[in-house]
Amino acid sequence: MSLQTEEIYRTLLLYSADAVIVTNPAGIITTTNPSFAKLVGSPMEELIGSSLDSIVVADWQEAEESENGKQQSDQDENEEEESALKTVTVLTRSGTEFVMPAAHFPVYHDTKKAELAGYLTIIYVIQANSLQQAQTEFVSTVSHELRTPLTSIKGFADTILRAGERLDSSQQRRYVGIIKDQADRLTRLVEDLLAVSRLESKKLQLTIRAIDIREAIERVQQNLSDKAKKHTVIIQVPPGLTPVWADADRLEQILTNLVDNAIKYSPADTTVTISAKGIQGTPELVEFSVADQGVGIPEEHLPQVFSKFGRLDNPLVRQTEGTGLGLYITRSLVLALGGQITVESVPGGTTFTVRLPAATPEQQAARGRG
Ligand code: ADP
């Protein structure tokens with residue numbers, strides 16, 4: 001190694017925020033960096049010569065097996081790196097344990113990989129910290145969102161129990177009505193949270209087939225007809241539009257969330273327009289949009305609407321029930337279906353536009369039209 005390269009590696013090790021550990025084939029630490037020392041709470045000199053297994057608990061077996069496998073097969077580079085990523089437990093000097101993402105690579109003496117020199121382990125401290133922070137924020141927001149309806153349920157139930165006889169029947173009905181509404185809100189919240197967890201754990205099962213978008217839009221309009229009594233809903237779909245290549249339930253969920261919002265965030269006696277068209281190109285796409293004549297979203301808040309619990313403050317938001325998870329779920333579903341979602345808004349109207357892959361003629365022929 002040239003002097004300059006050596007200097008680069010030394011500086012990288014010294015200043016890397018991630019913990020780096022090199023061991024000999026027997027797992028004894030030969031080199032490490034200040035980040036690892038800080039993480040464990042022991043000086044570097046003390047760590048060198050210790051067994052890595054006594055500080056970092058990991059099941060490297062699987063990663064090593066896939067390492068060996070990869071020498072025989074010709075997987076691409078990215079796959080190799082991904083297969084080495086593991087979750088490890090770091091035992092610190094103070095007794096605290098940290099669960100963190102890490103990678104483990106064999107290091108060889110020569111390029112032919114004939115003689116093992118040891119192992120290089122990287123513990124991704126920054127990634128672990130931001131994950132931890134995101135989780136803490138999520139738990140605190142969820143707790144807050146759950147507490148609001150629970151406080152109200154408990155308060156009104158207490159009142160009915162205490163004041164019981166003294167309340168007239170219309171008051172009793174009103175309080176029970178509030179309890180029911182708040183219980184509904186809790187149910188919606190829990191359902192949305194489950195949907196988020198399914199999406200984030202990538203356990204979403206998709207059944208992709210060719211779907212007639214007009215039929216999907218009409219079904220959603222029908223399902224929401226009770227909520228849309230005070231609005232005019234117009235559907236504009238050209239005849240013979242190419243079907244979309246999507247999962248029918250998820251497509252309906254996307255449409256439902258967008259149309260439901262359009263109704264919620266626009267005043268009575270306005271129009272909601274659901275339109276669709278084909279976009280020529282390779283690949284061919286189908287675009288549909290939901291446009292309302294509502295309160296609009298200020299430009300600076302547009303990016304926020306797709307984030308978890310992203311509810312904006314405006315008079316209609318205060319009047320309507322929502323979890324702030326709808327558009328986050330919607331965008332995750334659109335991405336899972338290989339599409340894109342965009343939003344444009346001015347005071348007096350918001351349009352959400354979704355582009356999804358169109359079914360190719362072969363896909364339409366193979367699966368039939370949904
Ligand atoms: P919510 O459960 O609050 O409706 P969403 O994730 O569906 O959650 O929407 C997030 C926020 O985006 C809403 O609280 C609202 O402020 C804003 N929003 C969504 N759709 C519209 C719309 N069509 N017009 C105006 N504001 C909207």
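Biologist: Quick one on the surface: is Arg93 buried or exposed?
Modeller: Arg93 is exposed, with a relative accessible area of 52%. Buried means under 20% relative accessible area, exposed over 50%, and partly exposed in between, with a 1.4 Å probe and protein chains only.

Biologist: Anything to know about the model itself?
Modeller: The model is predicted, so local features need pLDDT of at least 70 and side-chain atom pairs count only at pLDDT 80 or more, while totals for chains, interfaces and linings use all residues. Numbering runs from 1 along each chain as its sequence is written, and side-chain values use heavy atoms, with hydrogens and water left out.

Biologist: Back to Arg93. Which residue does Arg93 form a salt bridge with?
Modeller: Glu46, with 3.5 Å between the closest N and O atoms. A salt bridge here is a side-chain nitrogen of Lys or Arg within 4 Å of a carboxyl oxygen of Asp or Glu.

Biologist: And where do Glu46 and Arg93 sit in the chain?
Modeller: They link distant parts of the chain, 47 residues apart: Glu46 is in helix α3 (residues 44-47) and Arg93 is in the loop between β4 (85-91) and β5. Helices (H or I, at least four residues) and strands (E, at least two) are DSSP runs, numbered from the N terminus. Glu46 is partly exposed at 44% relative accessible area.

Biologist: How many salt bridges are there in the whole structure?
Modeller: A search of the whole structure gives 11. Among the residues involved, Lys277, Glu287 and Arg355 are linked in a network of salt bridges.

Biologist: What does Lys227 pair with?
Modeller: The side chain of Lys227 meets that of Asp260 in a salt bridge, 3.2 Å from N to O. This pair also links distant parts of the chain, 33 residues apart, with Lys227 in the loop between α8 and β8 (232-236) and Asp260 in helix α9.

Biologist: Is Asp260 buried or exposed?
Modeller: Asp260 counts as buried at 15% relative accessibility. Lys227 is exposed, at 52% relative accessible area.

Biologist: How do α8 and α9 pack?
Modeller: Helix α8 (residues 213-223) packs on helix α9 (residues 248-264) at an angle of about 50°, and their axes are 10 Å apart. Axes are lines fitted to C-alpha atoms, for helices over the stretch in contact, and angles run from 0 to 180 degrees between N-to-C directions. The two helices are therefore oblique to each other (under 35 degrees is roughly parallel, over 145 roughly antiparallel, 65 to 115 roughly perpendicular, and the rest oblique).

Biologist: Is the crossing of α8 and α9 left-handed or right-handed?
Modeller: Right-handed. That is the name when the near helix is turned clockwise from the far one by less than a right angle, and left-handed is anticlockwise.

Biologist: What about α7 and α11?
Modeller: The axes of helix α7 (residues 169-200) and helix α11 (residues 326-336) come within 10 Å and cross at roughly 30°. That makes α7 roughly parallel to α11. Their crossing is left-handed.

Biologist: Where is Lys180?
Modeller: Lys180 is in helix α7 and counts as partly exposed at 48% relative accessibility. Its C-alpha atom is 8.2 Å from that of Ile153, and the two residues are 27 apart along the chain.

Biologist: Changing topic, backbone. Which residues does a cis peptide bond join?
Modeller: Thr282 and Pro283, with omega at about -5°. Pro283 is in the loop between β10 (271-279) and β11 (285-291).

Biologist: What phi does Lys113 have?
Modeller: Lys113 has a positive phi of about 60°, although it is not a glycine. Lys113 is in the loop between β5 (97-108) and β6 (116-123), and is partly exposed at 38% relative accessible area.

Biologist: And Asp269?
Modeller: Asp269 is not a glycine but has a positive phi of about 65°. Asp269 lies in the loop between α9 and β10 and is exposed, at 72% relative accessible area.

Biologist: Last one, helix α1. How far apart are Glu7 and Arg10 in helix α1?
Modeller: Glu7 and Arg10 are 3 residues apart in helix α1, so about one helical turn separates them. They form a salt bridge, with the closest N and O atoms 3.7 Å apart.
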